[in-house]
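Got the viewer open? Here is a short walk through the model, one selection at a time.

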Amino acid sequence: MIIRSAEILTSAAKFNQLPPEDKLEIVLIGKSNVGKSSFINNLLNRKSLARTSSVPGKTRTANYYIINNEFYIVDMPGYGYAKVSKSEKATFSNIITDYLKKRNADFIVFFLVDIRHKPSENDIKMYNEILDNDIYPVVVLTKADKISKNKRKQNIDLIKKTLGLDEDDKVIIFSTEEKLGRDEVWDFIEGFI
Ligand code: GDP
């Protein structure tokens with residue numbers, strides 16, 4: 001993919017603030033701090049278009065990036081961060097839930113999980129909610145450089161088992177440091193453009 005332009009279009013706090021449903025949307029779902037912003041910057045070869053943070057729970061809106069004036073990348077609010085209030089938590093999950101149920105655009109979902117850890121209860125709930133809407137996400141295992149190759153193998157099996165993935169489900173191993181997974185992600189996206 002040649003990135004001719006990439007910029008933030010809008011940040012929506014509610015479903016009714018989302019832009020018109022006129023372009024393909026590449027949607028990223030995953031808990032706070034899993035690496036969504038880093039994933040976007042890495043895909044787009046930009047240092048800090050999406051703001052990354054070592055402090056979890058920062059992104060509280062659905063952030064729309066417009067790429068080549070042709071499609072969107074959508075950074076959904078991270079879930080599962082303990083330090084937000086109950087009402088804020090409700091707002092986060094509502095925009096994702098509303099999106100999954102009601103959004104009428106063509107979209108692809110990438111579900112991001114940290115390769116180092118067994119998926120949490122929240123991850124499992126979110127993943128199942130996606131499936132319940134007849135959406136089959138690509139699972140992206142982030143931060144692969146942070147563990148050894150042997151440990152990666154073990155954890156991939158554990159994550160697949162915990163989420164209930166089978167052989168046909170697409171899993172991409174990703175690392176911004178080792179530049180792993182980027183081409184595979186673009187190949188997948190290009191199949192829809
Ligand atoms: P978000 O909350 O999901 O947007 O997560 P961020 O993209 O802000 O990432 C959270 C933290 O993890 C940041 O400190 C990133 O630098 C770090 N991070 C993200 N991806 C990777 C990766 O592939 N390798 C390493 N070593 N760190 C990563």
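**First stop: Asn63**

Keep in mind that this is a predicted model. Start by selecting Asn63, which you will find in strand 3 (residues 62–67). Is Asn63 buried or exposed? With a relative accessible area of 9%, Asn63 is buried, because that falls under the 20% cut-off. Now show side chains: a polar contact of 2.7 Å links that of Asn63 to that of Thr61. Setting aside residues up to four places away in sequence, Asn63 also touches Ile8, Thr10 and Ser11, along with Ile73, Val74 and Asp75.

**Zoom out to the sheet**

Switch to cartoon view and pick out the strands. Seven of them form an open sheet in the order 1-3-4-2-5-6-7, and the pairing is mixed. Which strands stand at the edges? They are strand 1 (6–12) and strand 7; each has a single partner strand, so one side of each has no neighbour in the sheet. From one strand to the next, the twist averages 25°.

Next, select strand 2 and strand 5 together. This pair runs in the parallel sense, over six bridges. For a spot to zoom in on, take Gly30, which sits opposite Leu112 of strand 5.

Now add the helices that pack on the sheet. Helix 1 touches strand 1, strand 2, strand 3, strand 4, strand 5 and strand 6 (138–142), and its direction makes about 155° with that of strand 4. Helix 4 (residues 149–163) packs on the sheet as well, touching strand 5, strand 6 and strand 7. Its direction is at about 125° to that of strand 5.

**Helix 5, from both sides**

Go to helix 5 (residues 182–190) and colour Arg182, Val185, Trp186 and Ile189, which are buried. Look along the axis: these residues cover an arc of only 95°, so they end up on the same side of helix 5. Why does a spacing of three or four places work for this? An α-helix has 3.6 residues a turn, so residues three or four places apart point the same way.

What covers the buried residues of helix 5? The cover includes strand 2 (24–30), helix 1 (36–44), strand 4 (71–75), strand 5 (107–114) and strand 7 (171–173). Turn to the face away from the buried side, and you meet the exposed residues Asp183 and Asp187.

**Helix 3, end to end**

Select helix 3 (residues 121–132) next. Its 12 residues reach 16 Å from the first C-alpha to the last, close to the 16 Å expected at 1.5 Å a residue. Colour Asp123, Met126, Tyr127 and Ile130 here: they are buried. Viewed down the axis, the buried residues of helix 3 fall within an arc of 100°, so they line one face of the helix. Rotate to the other side of helix 3 for Glu121, Lys125 and Asp132, which are exposed. Just past this helix, check Asp134: its phi is positive, near 60°.

**Last stop: Lys102**

Finish by selecting Lys102 in helix 2 (residues 86–102). This lysine is partly exposed, with a relative accessible area of 48%. Leaving out neighbours within four places in sequence, Lys102 is in contact with Phe15 and Glu21. Then draw a C-alpha to C-alpha distance from Lys102 to Asn133: the two are 9.7 Å apart in space and 31 residues apart in sequence.

Technical notes:
Residues numbered from 1 in each chain as written. Predicted model: local features only at pLDDT ≥ 70, side-chain atom pairs only at ≥ 80, totals over all residues. Heavy atoms only, no water. Helix = DSSP H or I, 4+ residues; strand = E, 2+ residues; numbered from the N terminus. Buried < 20%, exposed > 50% of the residue type's maximum accessible area, 1.4 Å probe, protein only. Polar contact = N/O pair within 3.5 Å; in protein donor to acceptor, adjacent residues only side chain to side chain. Contact = heavy atoms within 4.5 Å. Expected span 1.5 Å × (residues − 1). Arc of directions from axis to C-beta. Pairing = 2+ DSSP bridges. Axes fitted to C-alpha atoms, helices over the stretch in contact; angles between N-to-C directions.
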